[in-house]
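Here are a few notes to help you find your way around this one. Have the model open as you read, and take the points in order.

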Amino acid sequence: AYFSVLSCNLSYITLTVISTDACWAISRPLQYRSNVTKRQIGMALVVLYVVMGVLCLPPSVYNPTVHFPPIFSCVINLSPSKLNQTFVISQHVLRLALLIVIMICYAIIVRIIRKTRTNRRLHMAKQKKRELTTVRAAVTMLVVVVVFALS
């Protein structure tokens, strides 16, 4: 049971780290490149994995007896001690908080991408307007030259 809880929590933590990293890299690219190094990322992952390993220990240490149901069932039957109930509730609250952080990060990323697309469209519209103005000026000059040449 320890390794299943640990791997599940590590998955949530890893997804949260990936999404916050992407959010920071997209929202502040210059600061990200100057502040984040590979060594810092490695140290952060090691610290997170060790902390999660320690946080997942209490049910295994205080209640090592876990009764597994038949092989085709997806439920692990832990004896209902107060520690296990508290642990399960705290794990669900932690996972919910991490999912909220992930959703906020990707909402920020989507907002930045939409804003960039809108700015790019406005820039392209202005550029087309300039090109159209240039073409109109060239046609006007051509007409003036032709009229002057015919006079």
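1. Start with I104, which counts as partly exposed because its relative accessible area is 47%, and partly exposed means the range between 20% and 50%. Bear in mind that this is a predicted model. If you want to find I104 quickly, look along helix α5, which covers residues 82-150.

2. What does I104 form together with L96, I100 and M103? These four residues make a nonpolar patch on the surface. Taken together, they have about 400 Å² of accessible area.

3. Now step back to the whole fold. The protein has five helices and two strands. Going along the sequence, the order is α-α-α-α-β-β-α, so it's worth tracing that pattern once by eye, using helices and strands as DSSP runs numbered from the N terminus.

4. How much of the protein is buried? Of its 151 residues, 16% fall in that class. The protein exposes about 11900 Å², and 71% of that area is supplied by carbon and sulfur atoms.

5. A word on contacts across the chain. Taking the contacts in the protein with a separation of 6 or more, 73% are accounted for by residues 24 or more positions apart.

6. S19 is a good residue to click on next. It sits in helix α1 and counts as buried because its relative accessibility is 0%, with under 20% being the cut-off. Which residues does S19 contact, once its neighbours within four places in sequence are left aside? The answer is I102, C105, Y106 and I109.

7. Compare that with S4, another residue of helix α1. S4 counts as partly exposed, because its relative accessibility is 38%. Have a look at C56 too: S4 and C56 are 52 residues apart along the chain, and their C-alpha atoms are separated by 9.8 Å.

8. Finally, the second largest pocket. About 220 Å³ of space lies in it. Two helices, α1 (2-27) and α3 (38-55), each supply at least two residues of its lining. The lining includes V17, I18, T20, D21 and W24, and you can also pick out V36, Q40, I41, A44, L45 and L48 around the second largest pocket.

Key. Residues numbered from 1 in each chain as written. Predicted model: local features only at pLDDT ≥ 70, side-chain atom pairs only at ≥ 80, totals over all residues. Heavy atoms only, no water. Patch = residues over 30% accessible without salt bridge, like charges linked within 9 Å, V, L, I, M, F, W, Y side chains within 5 Å. Areas by Shrake-Rupley, 256 points an atom, 1.4 Å probe, with all protein chains shown as cover. Salt bridge = Lys/Arg side-chain N within 4 Å of Asp/Glu carboxyl O. Helix = DSSP H or I, 4+ residues; strand = E, 2+ residues; numbered from the N terminus. Buried < 20%, exposed > 50% of the residue type's maximum accessible area, 1.4 Å probe, protein only. Contact = heavy atoms within 4.5 Å. 1 Å grid on protein atoms, 1.4 Å probe; cavity = no way out; pocket = protein on both sides within 12 Å on 5 of 7 lines; lining within 4 Å. Points joined across faces, edges and corners; volume = space filled by probe spheres on them.
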